[in-house]
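Trainee: I keep meeting terms that sound obvious until I have to defend them. Can we test some of them on one model?

Mentor: Gladly. Let us look at it together.

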Protein chains: 2
Amino acid sequence: MKAKTKEDVRPDFQACPVEYTLDIIGGKWKGVLLYHLIEGTKRFNEFRKLCPNITHRMLTLQLRELERDGIIHRKVYQQVPPKVEYSLTDLGMTLVPIIRMMKEWGDRHKGHREAADEKAE
Amino acid sequence: MKAKTKEDVRPDFQACPVEYTLDIIGGKWKGVLLYHLIEGTKRFNEFRKLCPNITHRMLTLQLRELERDGIIHRKVYQQVPPKVEYSLTDLGMTLVPIIRMMKEWGDRHKGHREAADEKAE
DNA sequence: CTGTATCCCAAACGATACTG
DNA sequence: CAGTATCGTTTGGGATACAG
């Protein structure tokens with residue numbers, strides 16, 4: 001008997017709208033990317049400087065998903081060398097309040113886990 | 001050269017507080033579990049009924065992580081059969097506004113992707 | 001500069017069986 | 001009822017090389 005694949009399971013977003021939202025912004029880097037986009041348009045390599053830990057590959061993938069979900073817009077300048085600018089769409093803008101709240105919550109509470117980490121080392 | 005394991009990389013929560021918050025509520029089921037906890041205390045099997053897609057194992061793991069991060073409290077009644085109640089801690093309560101916003105956003109915008117899914121089938 | 005493609009290891013997860 | 005342990009598969013994601 002084959003195990004269920006991802007496609008077989010229809011996540012019940014009806015029952016859990018929170019799950020739907022998290023599915024869009026909960027990706028490993030999406031929250032951070034969106035946060036930086038609040039300040040304005042960003043280029044590919046700008047993201048890499050802002051998030052040194054993200055790999056080339058992951059940045060591409062995460063941006064693609066956000067684009068696919070209609071959260072960000074990708075503007076390509078047809079020139080050499082290429083230039084691509086990412087920005088929030090109108091739909092993306094509606095996420096800004098949530099991102100901001102998460103930013104503030106993180107600022108206010110990130111101490112907790114650091115304290116726990118200290119003890120662990 | 002050994003590939004970096006998860007432990008080797010210290011995520012820079014300093015630079016990205018959003019990342020820290022998402023690390024806590026962004027788990028596959030955490031948002032949903034927290035959402036249901038807003039209404040009040042829940043038992044293990046209540047969660048299973050509320051989220052039929054979550055497996056026994058995953059429910060345990062996600063609850064453990066939330067407990068470890070100080071977001072939820074686990075109250076064990078020493079009796080047979082066992083009874084365990086989960087509830088939000090004070091810290092967990094501070095997340096409620098964020099969860100609520102994600103719930104509302106999901107309700108309002110979940111139509112988008114469904115439309116895309118229709119076309120895909 | 002901004003990607004895409006491939007390979008491959010590590011982590012996540014489901015299924016299942018067992019326990020107090 | 002509410003878990004834990006183990007196993008095997010699937011997925012995530014890093015490193016690297018190549019391309020327009």
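Mentor: Start with a cut-off: a polar contact is a pair of N or O atoms within 3.5 Å. Keep in mind that this model is predicted.

Trainee: What makes A:Arg57 a polar contact of DNA strand D?

Mentor: An N or O atom in the side chain of A:Arg57 is 2.4 Å from a base nitrogen of the strand. The limit is 3.5 Å, so the pair counts as a polar contact.

Trainee: Which side chains pair with a phosphate oxygen of DNA strand D?

Mentor: B:Arg64 is one of them, with an N or O atom at 3.0 Å. B:Tyr86 is another, at 2.5 Å. Both values are within 3.5 Å, so both pairs are polar contacts.

Trainee: How many residues surround DNA strand D?

Mentor: There are 19, and the closest include A:Arg57, B:His56 and B:Tyr86. By class they divide into seven nonpolar, four polar and eight charged. Helix α4(B) gives the most, with four residues.

Trainee: Which part of DNA strand D lies within 4 Å of the protein, sugar or phosphate, or bases?

Mentor: Both parts do. Of those atoms, 63% belong to sugar or phosphate, and the rest to bases.

Trainee: Now the helices. Why is α2(B) called roughly perpendicular to α4(B)?

Mentor: Their axes come within 10 Å and cross at roughly 70°. Angles of 65 to 115 degrees count as roughly perpendicular, so the name fits α2(B) and α4(B).

Trainee: Which residues meet there?

Mentor: From α2(B) come B:Lys30, B:Leu33 and B:Leu34. In α4(B) they meet B:Leu59, B:Gln62, B:Leu63, B:Glu65 and B:Leu66. That contact has five nonpolar, one polar and two charged residues.

Trainee: How do you know that β2(B) and β3(B) pair?

Mentor: Six bridges join them. Pairing needs at least two bridges, so they pair. One example is B:Ile72, whose bridge partner in β3(B) is B:Leu88.

Trainee: What makes β1 and β2 of chain B edge strands?

Mentor: The order of the open sheet is β1-β3-β2, with antiparallel pairing. β1 and β2 each pair on one side only.

Trainee: What holds paired strands together in general?

Mentor: Strands of a sheet pair through backbone hydrogen bonds.

Trainee: Where do the two helices lie on this sheet?

Mentor: α2(B) lies across β1, β2 and β3 of chain B, at about 90° to β3(B). α4(B) lies across β2 and β3 of chain B, at about 115° to β2(B).

Conventions
Residues numbered from 1 in each chain as written. Chains lettered and ligands numbered in written order. Predicted model: local features only at pLDDT ≥ 70, side-chain atom pairs only at ≥ 80, totals over all residues. Heavy atoms only, no water. Near = heavy atom within 4 Å. Polar contact = N/O pair within 3.5 Å; in protein donor to acceptor, adjacent residues only side chain to side chain. Nonpolar A, V, L, I, M, F, W, Y, C, P; charged D, E, K, R; others polar. Axes fitted to C-alpha atoms, helices over the stretch in contact; angles between N-to-C directions. Parallel < 35°, antiparallel > 145°, perpendicular 65-115°, else oblique. Contact = heavy atoms within 4.5 Å.
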